[in-house]
Structures are given as structure tokens and as C-alpha cells.
Amino acid sequence: MPFSEPGKTKFQVDLRRHLRNQGICDNLIHLICEIAEAGKYVINAVRTGDLGVAGTSNLYGEEQLALDVLSDRIIRKRLIHSGVVCNIASEEMDEIFQAQADADGLYSVAYDPLDGSSLVDVNLAVGTIVSIYEGCNLLQKGRNQVAALYILYGPRVSLVYSVGKGVHEFTMNHLMEYTLSRENIVMKPEGDMYSPGGLRNKYQEGTEKFVRYLEEKGAKLRYSGGFVPDINQVIMKGKGIFMYPALNGSPNGKLRLLFELNPMAFLVENAGGAATDGKQSILDLEPQSLDHRAPVYIGCKAEVAKAMEFVSGN
Ligand code: AHG
Ligand code: MN
Ligand code: MN
């Protein structure tokens, strides 16, 4: 029974109440609420924390910012103490962390604690991305996720989640409570906006032709450089396509399958959209390693299908 019936004002539905209405088990409700709570401490770090470098680098050889390390520690500690998590993988950790050995009734979590962290010092929106599986295996197809969510730290703080039964947005109020703002979000079949990541002068021929097709169609370019706000815009406006394609010299693009692409693909598919690496659905990719990267075209079904046509050349 949806909370927000057409024509009725939404009363203040909080996250835990909404999750209880999804018919999922208490451990998963508890886990998602714990992650939501951790987001409040990440917000504080983003707003007031040190903008400098941490002096370390991550699995991808990228220099870590103090905020990356702090956000990662906040979320990891919350997951460990939740009591419902067995394995943890983070974009900022080199290997999987085992919180509990016995996987029975527990979950595993892959997360990007602060995506777009390099944008904080120019005051652009950033976010936390989370992917949740049952049991202890984190290297399974994204289609097996039982939940995915992101928290967007922008002018407003919003949390968008799905447990496979629709996509729902919560917005943080003045008391720092998450209250339901959009329920059962559905994207349009096609749209007129595109978000092209990566260096255009390194685009491969198929991608270049696809972008020209979009421009001739009159699509508007919207790109912030932050994956979470850029995807949020596609979902909430219900239209358009984001891409971080294969580039000459980087055939797998930049974005990470476990921490960025699988959770966002799960959310976009549950909102009626699609996500591909140019050949197949992101959610059907077999993860090869923690640092598995893949090209991505994600958004409205029509645009994603068109991207596949141009990119696969048929
Ligand atoms: P992260 O900050 O977690 O490393 O991710 C940054 C990603 C993503 O937010 C965005 O889509 C992409 O980097 C932008 O890359 P470019 O700066 O190469 O456009
Ligand atoms: Mn990231
Ligand atoms: Mn990150």
C-alpha cells in the first residue's frame, strides 16, 4: 500500500516506517537505517572536515583525501557494530574486511564512502553509494543485490533506496530526520539530457557518433563531475543518460563495478531505466575483482538502447 496516494498530502513518513512497509526482514531494515545514520556523520565531515590529502592512496592508485579516509572509517565502524554484516568492501580499502564469520542471516556491503570527494573543495555536491548482498559473497553479479542506496550531500541531503520494490527518495528535515519525499519513482522511456564523462578527445568512434546523435536531437548537456548528483538528476528528472565510456587508452572507462555501477544500475533499473557497458546489462557482469571497472551508459531505456547500437556498431 503506497504511502503517498495521489491527491493526498504525504504525512511525515520516516525511513524505518517505509522500510517496514517493504516486506523485508528486520536485519535488512536495521542495516539500511544504520547506513542512513552514518550519513549524518559524513555530512558533518563534508561540511567542516579537513580538505587536505590523507597522504595515502587507494587500490586504484588514486591519492586519498582526508575526507575519503574519514568517511570510510565512519561507515565501516557503523557496519561492523550493526551486528548484521559479515563482509565489507570499500572503494577506499585494498581488501575485503570480515566483520563476522557466520554469514547466516547476515549481509555483505560494498560502498563508496564519498564519491566525488575532490569536488568538496569547490563546494559541489557529493555522495555515498551503497550496495547490499545477502550472505558473504561480494563478488557476485549486481542483479543479486537485495538493496542499493545513495545519500546525496547537496543543497539538500537526500537518501534514495530500493529493495527491488520501487525506488524511493527521502529528504533530511531540520531535525536531520529522513522523511519520504518521492515514492515509486518511474523514469520516462526517453529524455533530452546527457551527461558525458571522461575526455571527449579520447572517445571511441561509436561513442562520439552517439554524442553527435544526441546533440543533433537537441539534448541538453548536464555534467557536474559527481556521479551521485549526475545520476540523481537522471532519476529525479526521469529522463536522459549518463555515460562514462570506454576511452582510447582506458578500454574499461573509470567507474568501479562493485562500488558505483552495480548499485546505481540496480536503482535505475528499478526506476524503469537501463544500464549497460555497451554490450550487456551492468547487472549481468561477472565481477572479476574488487577493482573491476567497466564503461557505463545508464538512464532511460531508449537512450541506453541507442547507445548500445552506436557502441557495438550494429
Ligand atoms: P571518486 O571520487 O569516488 O573517485 O569518483 C569520482 C568519479 C565520479 O564521481 C564521476 O562520475 C567521475 O569520477 C568523474 O570523472 P572525471 O573527473 O574523469 O570526469
Ligand atoms: Mn566513486
Ligand atoms: Mn570515492
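Which strands each supply at least two residues of the shell around ligand 1? In this predicted model, they are β5 (107–115) and β13 (241–244). The close-ups below take you around the site.

**View 1. The shell around ligand 1 has 16 residues.** Glu 91, Asp 115, Gly 116, Tyr 223 and Tyr 244 are the closest of them. By character, the shell splits into six charged residues, five polar and five nonpolar.

**View 2. Two domains meet the ligand: domain 1 (3–182) and domain 2 (193–312) each give the shell at least three residues.** Look also for the two strands here, β5 and β13, each with at least two shell residues.

**View 3. Oxygen atoms of ligand 1 make polar contacts with Asp 112, Gly 116 and Tyr 223.** At Gly 116, a polar backbone atom lies 2.7 Å from a ligand oxygen. For Tyr 223, the partner is an N or O atom of the side chain, and the distance to an oxygen of ligand 1 is 2.7 Å. The side chain of Asp 112 also takes part, with an N or O atom 3.1 Å from an oxygen atom of the ligand. The protein buries 79% of the 480 Å² that ligand 1 exposes when taken alone.

**View 4. Ligand 1 occupies the largest pocket.** Step back from the individual contacts and you can see the ligand sitting in this pocket, with shell residues drawn from both domain 1 and domain 2.

Terms used
Residues are numbered from 1 along each chain as its sequence is written. Chains are lettered from A and ligands numbered from 1 in the order in which they are written. This is a predicted model: local features need pLDDT of at least 70, side-chain atom pairs count only at pLDDT 80 or more; totals for chains, interfaces and linings use all residues. Side-chain values use heavy atoms; hydrogens and water are left out. A residue is near a molecule or strand if one of its heavy atoms lies within 4 Å of it. A polar contact is a pair of N or O atoms within 3.5 Å; within protein, one must be able to donate a hydrogen and the other to accept it, and residues adjacent in sequence count only if both atoms are side-chain atoms. Accessible areas come from the Shrake-Rupley method with a 1.4 Å probe; for residues, only the protein chains shown count as cover. On a 1 Å grid over the protein atoms alone, a cavity is a set of points where a 1.4 Å probe fits but cannot get out, and a pocket is an open set with protein on both sides within 12 Å along at least five of seven lines; lining residues have an atom within 4 Å of a point. A molecule sits in a cavity or pocket if more than half of its atoms lie within 2 Å of its grid points. Helices (H or I, at least four residues) and strands (E, at least two) are DSSP runs, numbered from the N terminus. Ala, Val, Leu, Ile, Met, Phe, Trp, Tyr, Cys and Pro count as nonpolar, Asp, Glu, Lys and Arg as charged, and the others, Gly among them, as polar. Domain bounds come from an automatic or database domain assignment.
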